[in-house]
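Subject: Structure for you to look at

Hi,

Here is the structure I promised to pass on. Have a look at it first, and my notes follow below.

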Amino acid sequence: MQVIFLRSEDYAKLVEQKTPNSPMLKDCFFAFVIGGAICCLGQGIKDLILLFFELDEETAGTWTTICLVFLSALFTGIGWYDKLAKIGGAGTLVPVTGFANAMASPAIEFKKEGLVLGIGPKLFTVAGSVIVYGTVAAFFYGIIYYVVTTFFL
Amino acid sequence: MNKKIGSGTFILSSPVKITQFEAVVGQKEHEGPLGSNFLYWSDDEYFGQKSFEKAETYIQKEAMNHVIEKSGFSAKDIEFIFAGDLLNQCAGSNFCVRDIAVQFFGLYGACSTMAEALILGSMVIDGGFADRTLALTSSHFCSAERQFRFPLEYGAQRPPAAQWTVTGAGCALLEKESAGPSVVIEKVTPGAVCDMAITDLANMGAAMAPAAALTLKRYFDDTKTSPSDYDLIVTGDLGKVGADILRELLLTDGIDLGSVYNDCGLMIYDLETQDVHSGGSGCGCSASVLCGYILPEMLKKTYRNVLFVTTGALMSPTSSLQGESIPGIAHLVNLKV
């Protein structure tokens, strides 16, 4: 029987022509605004910490991260973060809040499968790559840093 | 083989009757354009159960129990159940039927399962192996997201071609003889797997459209009919993008689907207001539209001659990670009153 008529390359062209693209400009705009707003929030928290507590810059930065991670996990838990991310896209993915969301969402999702075989291993389904390759990158960065500071400076 | 015509369409020698049917859906489906057609729905995505998987089993069981109850028979009067869903190991269906001890075939045809179950259920009756069979499928948005995509609360954007898995179940009772009102299954065309090398998981419509075109073309060739001979030709869940591609594919082969064509994924949601991008999907999409809308309308004679073509994307999460493309399938049932 004569079947469809098309080679897969030609079909790919037809599909591309019929499939709407993501609205790039709009997505970029909202990613910029919402991602920027999260960063401004972080800066605000840091300024407040510096204002009210006698801490140095670095410790204040750590506390800021803790606050942002807490807020992200909280908003993930009450179901707001994914709604924000739907609009914000990369703007909610890139800041540390995105990482917290990637950890908190499977924690909620896999509660039903138990603590040991559910939450434990599944916590890292999305964020695992960030941790693994972050650590690997840090390792190489450490070596380069050591070599440069020991032999060239 | 006197039941086969052409290359793969089968005429049931004594047409099998669909006598009872019921759909159970979630809130989003109830809020859609077909909402008022669904008698059974809940605004609780857990349907009072402890997990989404249990909820899916529950809606399937509800649909099945309503059908059995309305028919006046009991479970032991039914010879076979053909059922399937999207969960690993067809768990939703296995748990649905575990308490009733009816002989059971679990099917996996992805979103094409409803027509697959109707085809097998009617062939078994036509072959003289049974007087009564059930065709039954379900899908649940939350359990499907867990199975195939990210955790629900994970912040991710969906591209415009992505579809929304329907929370719903549909069940139909097939009988050899019946005095009451019924819709008749006259012809069936089982699908063949068709893979046109689409790998984009966010564009299932494009992956399944060639399979639908293949099955429809086979049916039209075998029966020497054309789309204008039917009141309604409806595909399962191609969505906006897939439905568009299907029209185009068949046009290149000289078949114009015209105004009788629609897609369950486009009928169940309002694409403008319900934020479902390209439309609905899932086994429950075609099953609930069939059992909640098409069959009741056929009994009212709104439609007399219908082609019900369900479409399935047969990839697994593992095959996709390994770079495999998405094989599609489409099964066709010709319904008449």
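For the angle I start with, axes are lines fitted to C-alpha atoms, for helices over the stretch in contact, and angles run from 0 to 180 degrees between N-to-C directions. Please keep in mind that this is a predicted model.

Let's begin with a helix pair across the two chains. Helix H1 of chain A (residues 8-18) and helix H7 of chain B (residues 239-252) have axes that come within 10 Å and cross at roughly 130°. Angles over 145 degrees count as roughly antiparallel and 65 to 115 as roughly perpendicular, so H1(A) and H7(B) are oblique to each other. Their crossing is right-handed. On the H1(A) side, the contact is made by A:Leu14, A:Val15 and A:Lys18, and H7(B) brings B:Val241, B:Asp244, B:Ile245 and B:Glu248. By class, that contact has four nonpolar, no polar and three charged residues.

Now for the whole interface: 32 residues of chain A are in contact with 30 residues of chain B. On the chain A side, H1, H4 (81-88), H5 (90-93) and H6 (96-109) each supply at least two residues. The largest share, seven residues, comes from H6(A). By class, this side of chain A has 17 nonpolar, ten polar and five charged residues.

Finally, a look at helix H4 of chain B (residues 113-126). Twelve of the 14 residues of H4(B) are buried, so this helix is largely enclosed by the rest of the structure. Among the buried ones are B:Met114, B:Leu118 and B:Ile125. H4(B) is followed by B:Gly128, with a positive phi near 85°.

Best wishes

Conventions: Residues are numbered from 1 along each chain as its sequence is written. Chains are lettered from A and ligands numbered from 1 in the order in which they are written. This is a predicted model: local features need pLDDT of at least 70, side-chain atom pairs count only at pLDDT 80 or more; totals for chains, interfaces and linings use all residues. Helices (H or I, at least four residues) and strands (E, at least two) are DSSP runs, numbered from the N terminus. Angles under 35 degrees count as roughly parallel, over 145 as roughly antiparallel, 65 to 115 as roughly perpendicular and the rest as oblique. A crossing is left-handed if the near helix is turned anticlockwise from the far one by less than a right angle, and right-handed if clockwise. Two residues are in contact if their C-beta atoms, placed from the backbone, lie within 7 Å. Ala, Val, Leu, Ile, Met, Phe, Trp, Tyr, Cys and Pro count as nonpolar, Asp, Glu, Lys and Arg as charged, and the others, Gly among them, as polar. The expected span of a helix is 1.5 Å times one less than its number of residues. A residue is buried if 20 or more other C-beta atoms lie within 10 Å of its own, exposed if 12 or fewer, and partly exposed in between; C-beta atoms are placed from the backbone.
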